[in-house]
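Here are my notes after going through the model you sent. I've kept them as numbered points so you can follow along with the structure open.

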Amino acid sequence: MKKFFKTLVKIILSVIAIVLLSGLFMMLGSLLFYGKTFFNSNWENANLVMLFGTTGQLLGALFITKYIMKKPLSYIFIKKDNLLKNIFIGLLIGFLQISTFVIIALVLNGFSFKGLDLKNLNLFFIAYFIVFFIQSTSEELLVRGMLTRALLDKYGKNVAIYIPSIFFGLLHLANSGVTFISTFNTILVGIFFAKLLFYKEDIMLCSGAHAGWNFSMAIIYGLPVSGFNGFNSLLNFEILNTNICDKVYGPEGSFIVTLIEVISILIMFYLERKKEKLNG
């Protein structure tokens with residue numbers, strides 16, 4: 001019973017730390033962009049403020065690991081070795097996945113290309129890249145880092161892959177335009193990220209893939225990101241077929257992403273088997 005209450009207190013303190021830090025950084029973001037301690041969701045670049053607020057989640061995850069759980073950051077799969085290389089590879093993976101979706105959607109006449117807008121290649125382009133990386137890393141540290149490690153230590157690898165992936169999918173249920181297929185696809189994305197994590201044992205590879213996925217959707221291709229839209233992008237498309245790309249939720253509500261993620265997961269199974277044979 002004593003151990004249960006001790007764990008409960010740690011969980012409560014962790015939630016409080018994340019909520020307070022997230023609120024603080026959202027307030028700072030609003031001050032930075034609007035000169036006010038609050039912002040309206042329909043203001044220009046409101047998405048930037050909300051994404052900046054996830055800095056609190058990222059710092060909260062690091063704080064919890066170091067000072068509440070009293071573990072080194074390597075416990076949640078953070079590695080210094082090949083850090084920039086793994087981030088770059090992850091970014092490339094995310095970009096290639098979404099680019100594959102766009103190409104298939106164009107071939108199937110699901111999209112109409114509206115043009116290139118180079119004026120959006122500005123400081124906001126860089127700012128969005130930074131905050132998308134922060135947002136993606138914060139989610140990865142909380143889900144693929146802390147939750148995965150806790151389940152891995154107690155229940156083993158399979159549980160540590162699939163339970164956080166399901167949880168990752170359920171986290172998006174409150175987003176605009178959510179559907180069964182969008183939730184299913186988000187779970188598949190979670191499984192793919194988990195496979196990347198265990199293949200390299202480096203969460204920054206997952207953070208890069210997650211950031212590359214979201215940033216490419218929003219700022220390069222101008223598509224909704226899990227129900228969030230209104231981004232100024234380099235390339236602009238009109239969605240012609242909602243079966244190919246959901247107008248509200250975005251690519252993750254499409255059967256094309258189902259196909260891309262299933263193939264990506266199968267590739268990871270192949271790479272795992274190959275790695276086992278080499279090490280075996």
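1. Start with Lys 70, which is exposed at a relative accessible area of 67%. You'll find Lys 70 in the loop between α3 (55-68) and α4 (83-107). What catches the eye there is the backbone: Lys 70 is not a glycine, yet its phi is positive, about 55 degrees. Most residues other than glycine have a negative phi. Keep in mind that this is a predicted model.

2. Glu 201 belongs in the same conversation. Its phi is near 55 degrees, again a positive value in a residue other than glycine. Glu 201 sits in the loop between α7 (180-200) and α8 (203-220). Is Glu 201 exposed, partly exposed or buried? With 43% relative accessibility, Glu 201 counts as partly exposed.

3. On the annotation side, the unreviewed UniProt entry marks "transmembrane region" at residues 12-34, 46-65, 86-111, 123-143, 155-174, 180-199, 211-234 and 254-271. I looked at two of these spans in the model. Residues 46-65 come out as 95% helix and 0% strand, with the end C-alpha atoms 30 Å apart. Residues 123-143 are 100% helix and 0% strand, and their end C-alpha atoms are 30 Å apart.

4. The UniProt record, also unreviewed, lists residues 124-215 as "domain: CAAX prenyl protease 2/Lysostaphin resistance protein A-like". In the model that span is 87% helix and 0% strand. The end C-alpha atoms of residues 124-215 lie 12 Å apart.

5. Have a look at the surface around Leu 121. Which residues form the nonpolar patch there? They are Leu 106, Phe 113, Leu 116, Leu 118 and Leu 121, together offering about 500 Å² of accessible area. Leu 121 itself is in the loop between β1 (111-116) and α5 (123-155), and it is exposed, at 51% relative accessible area.

6. Now the charges. The model has five salt bridges by the distance rule. One of them joins Lys 119 and Asp 117, with N to O at 2.8 Å. Lys 119 is exposed, at 61% relative accessibility.

7. Another salt bridge links the side chains of Arg 149 and Asp 153, at 3.6 Å from N to O. Both residues are in helix α5 and four residues apart, so about one helical turn separates them. The two partners differ in cover: Arg 149 counts as buried at 16% relative accessibility, while Asp 153 counts as partly exposed at 47%.

8. The salt bridge between Glu 272 and Lys 195 deserves its own point, with the closest N and O atoms 3.2 Å apart. Glu 272 is in helix α9 (residues 255-279) and Lys 195 in helix α7, so this pair ties together parts that are 77 residues apart in sequence. Are the two ends buried or exposed? Glu 272 is buried, with a relative accessible area of 12%, and Lys 195 also counts as buried, at 4%.

9. For the aromatics, there are 18 aromatic pairs in the structure. Tyr 34 and Trp 43 make an edge-to-face pair, 4.8 Å centre to centre with 65 degrees between the planes. Tyr 34 counts as partly exposed at 22% relative accessibility, and Trp 43 is partly exposed too, at 26%.

10. Compare that with Phe 192 and Phe 193. Their ring centres are 6.1 Å apart and the planes meet at 45 degrees, so this pair is tilted. Phe 192 counts as buried at 4% relative accessibility, and Phe 193 counts as buried at 1%. Elsewhere, Phe 125, Tyr 128, Phe 129, Phe 132, Phe 215 and Phe 231 form one aromatic cluster.

11. Last, the cysteines. How many disulfides does the model contain? The count comes to zero. For Cys 206, the relative accessible area is 0%, so Cys 206 is buried. Cys 245 likewise counts as buried, at 0% relative accessibility.

Technical notes. Residues numbered from 1 in each chain as written. Predicted model: local features only at pLDDT ≥ 70, side-chain atom pairs only at ≥ 80, totals over all residues. Heavy atoms only, no water. UniProt positions renumbered as here; feature names shortened; annotations may be inferred. Helix = DSSP H or I, 4+ residues; strand = E, 2+ residues; numbered from the N terminus. Patch = residues over 30% accessible without salt bridge, like charges linked within 9 Å, V, L, I, M, F, W, Y side chains within 5 Å. Areas by Shrake-Rupley, 256 points an atom, 1.4 Å probe, with all protein chains shown as cover. Salt bridge = Lys/Arg side-chain N within 4 Å of Asp/Glu carboxyl O. Buried < 20%, exposed > 50% of the residue type's maximum accessible area, 1.4 Å probe, protein only. Disulfide = S-S within 2.5 Å. Phe/Tyr/Trp six-rings, centres within 6.5 Å; stacked < 30°, edge-to-face > 60°.
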